[in-house]
Amino acid sequence: MKIRRKLLRNFFALIIPFITIFGAITIHEINFAVKNLNRLNFVSRDIYRSYDLQIVLDRAIMPGNDYIITGDKRYIDDFHRVSRDVERILKDVEETHLKDGNDTIHKKEEIEILNEFRVTWQNIKMISLKIFSIPKPVGNKRASVLMEEMDYKWRYPLNEKFGRLMEIHMKGYRDAFSQHHSAMRLGFIILAIASAVLLIGGVSITLLYSLRLNKILVTIHKGAEKIAEGDFKTRLDIKTGDEFEGISNAMNEMAAQLDNFYATLEQRIEERTRELQESEERFRAVGVTAPNAIICLEAPDTITFWNIRAAEIFGYSEEEVAGKSMHALIVPERYREKAREGMKNFFQTGTGPIAGKKTELFALRRDGTEFPVELSLSAMNIGGNWQATGIVRDITEHKKAEEKLRQRIDELEQFRKVTIKRELRMEELKKRVEELEKKLGSAE
């Protein structure tokens with residue numbers, strides 16, 4: 001905390017005046033930029049609304065012209081629908097067109113143009129209704145006169161006024177954009193100056209404290225290197241009264257503990273090595289004397305252990321199968337794809353359809369012959385990875401004995417059926433003899 005207080009005190013001595021000066025300038029420029037950005041939005045809105053008025057007015061004139069050409073009554077409905085749009089847009093423009101803007105120099109002229117638009121619209125609407133009141137407008141001279149009046153007396157003169165309105169809006173837009181651009185440019189300049197001041201101040205503080213702390217850090221670094229190289233008798237002598245002294249004392253305590261631990265570490269390693277060797281020897285001995293094949297696998301299906309009985313059953317020595325795929329060696333080809341998918345899930349979860357069960361299936365010897373086996377598969381989690389141990393028993397003779405027993409049972413069943421049929425036949429003959437005896441007795 002003492003080092004932090006020193007750094008913070010010097011940092012704030014630099015940053016507070018900087019924040020006061022540049023903060024005030026930045027806030028002023030931000031407010032100015034926001035003001036001009038809002039002005040840009042207002043002017044853009046007025047431009048779009050002016051375009052909307054022009055477009056909707058042109059749309060309102062077209063139904064009358066189309067009616068004169070075709071005489072189709074449906075253009076009357078089109079006119080009424082567009083009229084509602086004109087009224088709605090004009091009302092919206094009159095209510096909000098001049099309220100939000102900051103430029104009031106040309107407001108009087110804008111109001112005059114909008115008033116002229118409303119007058120023009122009322123006359124165009126009245127003339128259009130007169131045109132629609134003519135039953136047969138096609139080739140009608142009065143309808144043509146009314147259409148010319150609508151265009152030349154009212155619509156075309158208003159175009160010039162709209163052009164002037166757009167000039168006013170575009171000038172306001174350019175002025176606001178120029179002022180906004182200037183404010184943003186000045187803001188970037190202030191940001192660059194502020195960044196430079198902060199960079200110079202930060203570098204100055206860093207250089208100052210790096211020079212003062214470099215000697216202490218070099219001492220700690222050299223002591224740490226000696227401890228890392230195994231010299232646990234190393235002790236640091238730093239008396240600064242701050243966190244560096246605490247680090248020095250902690251390293252001295254760590255070196256003392258490592259020295260004490262290292263004294264007994266070699267003995268523990270030797271004991272553990274002997275235990276592992278004895279465990280491996282016991283496992284190997286079990287593998288040698290086991291009556292069944294023992295196969296150990298790791299992902300994806302790599303053989304890591306293969307006992308003598310496995311070599312006898314499948315015809316491969318341990319050296320030949322070490323590090324190879326089990327499925328490619330002892331699983332019949334028609335089962336390999338399904339078996340690989342099952343083992344893939346097993347190595348991910350440690351579970352599977354045949355895990356922890358005895359399963360009868362077919363295996364493949366080196367000479368290509370298939371034979372029945374009984375498989376017991378169990379899971380082991382070693383170092384966070386699932387591994388498999390399979391115990392395989394050759395049940396060829398067992399299956400042969402079962403087949404012989406099944407055949408014997410079938411023979412006995414056939415004999416039983418024949419005997420039953422013979423007994424039934426004897427019973428039937430006995431009944432026939434009795435019937436003949438009765439007939440002979442009655443004949444006498």
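**Close-up 1. The salt bridge between E411 and R408 in helix α10 of the predicted model.** In this predicted model, the side chains of E411 and R408 form a salt bridge in which the closest N and O atoms are 3.4 Å apart. Because E411 and R408 are three residues apart in helix α10, about one helical turn separates them. E411 counts as partly exposed at a relative accessibility of 46%, and R408 likewise counts as partly exposed, with a value of 47%.

**Close-up 2. A patch of negative charge that includes E434.** On the surface, E427, E434, E435 and E437 gather in a patch of negative charge. Of these residues, E434 lies in helix α10, which covers residues 396-443. The relative accessible area of E434 is 39%, so this residue is classed as partly exposed.

**Close-up 3. The salt bridge between R365 and D394.** R365 and D394 form a salt bridge, and their closest N and O atoms are 3.1 Å apart. Because R365 lies in the loop between β3 (358-364) and β4 (370-382), while D394 lies in strand β5 (residues 385-394), the pair ties together parts that are 29 residues apart in sequence. R365 is partly exposed, with a relative accessible area of 23%, and D394 also counts as partly exposed, at 25% relative accessibility. D394 has a further role in the strand pairing, as the bridge partner of V373 in β5.

**Close-up 4. The salt bridge between R393 and E374.** The side chains of R393 and E374 meet in a salt bridge with an N to O distance of 3.3 Å. This pair links distant parts of the chain, since R393 belongs to strand β5 and E374 to strand β4, and the two residues are 19 apart. R393 is partly exposed, with a relative accessible area of 31%, whereas E374 counts as buried at 14% relative accessibility, a value below the cut-off of 20%.

**Close-up 5. The antiparallel pairing of β3, β4 and β5.** Strands β3 and β4 pair in the antiparallel sense over seven bridges, and K358 stands opposite S376 in β4. The hairpin of β3 and β4 has five residues between the strands, and within this hairpin G368 takes a positive phi near 95 degrees. Strands β4 and β5 also pair in the antiparallel sense, in their case over 10 bridges. The hairpin that β4 and β5 form has two residues between the strands, and G383 in the turn has a positive phi of about 65 degrees. In a regular strand, the side chains alternate between the two faces of the sheet.

**Close-up 6. The hairpin of β1 and β2, with a cis peptide bond in its loop.** Strand β1 (residues 293-298) and strand β2 pair in the antiparallel sense over four bridges, and the two strands form a hairpin with three residues between them. The bridge partner of E298 is T302 in β2. P300 is found in the loop between β1 and β2, and a cis peptide bond, with omega at about 0 degrees, joins A299 to P300. Strand β2, which runs over residues 302-306, is mostly covered, with four of its five residues buried.

**Close-up 7. A nonpolar surface patch that includes L186.** The side chains of L186, I189, I193 and V197 make a nonpolar patch of about 290 Å² on the surface. L186 is found in helix α4, which spans residues 141-228. At 35% relative accessibility, L186 counts as partly exposed.

**Close-up 8. K130 in helix α3 and its C-alpha separation from A143.** K130 lies in helix α3, which covers residues 107-132, and is partly exposed at a relative accessibility of 33%. Along the chain, K130 and A143 are 13 residues apart, and their C-alpha atoms are separated by 8.2 Å.

**Close-up 9. A network of salt bridges formed by R59, D85 and R88.** R59, D85 and R88 are linked to one another in a network of salt bridges. For the model, the count of salt bridges comes to 15.

Technical notes: Residues numbered from 1 in each chain as written. Predicted model: local features only at pLDDT ≥ 70, side-chain atom pairs only at ≥ 80, totals over all residues. Heavy atoms only, no water. Patch = residues over 30% accessible without salt bridge, like charges linked within 9 Å, V, L, I, M, F, W, Y side chains within 5 Å. Areas by Shrake-Rupley, 256 points an atom, 1.4 Å probe, with all protein chains shown as cover. Salt bridge = Lys/Arg side-chain N within 4 Å of Asp/Glu carboxyl O. Lys, Arg positive; Asp, Glu negative; His and termini not counted. Charge placed at Lys NZ, Arg CZ, Asp CG, Glu CD. Buried < 20%, exposed > 50% of the residue type's maximum accessible area, 1.4 Å probe, protein only. Pairing = 2+ DSSP bridges.
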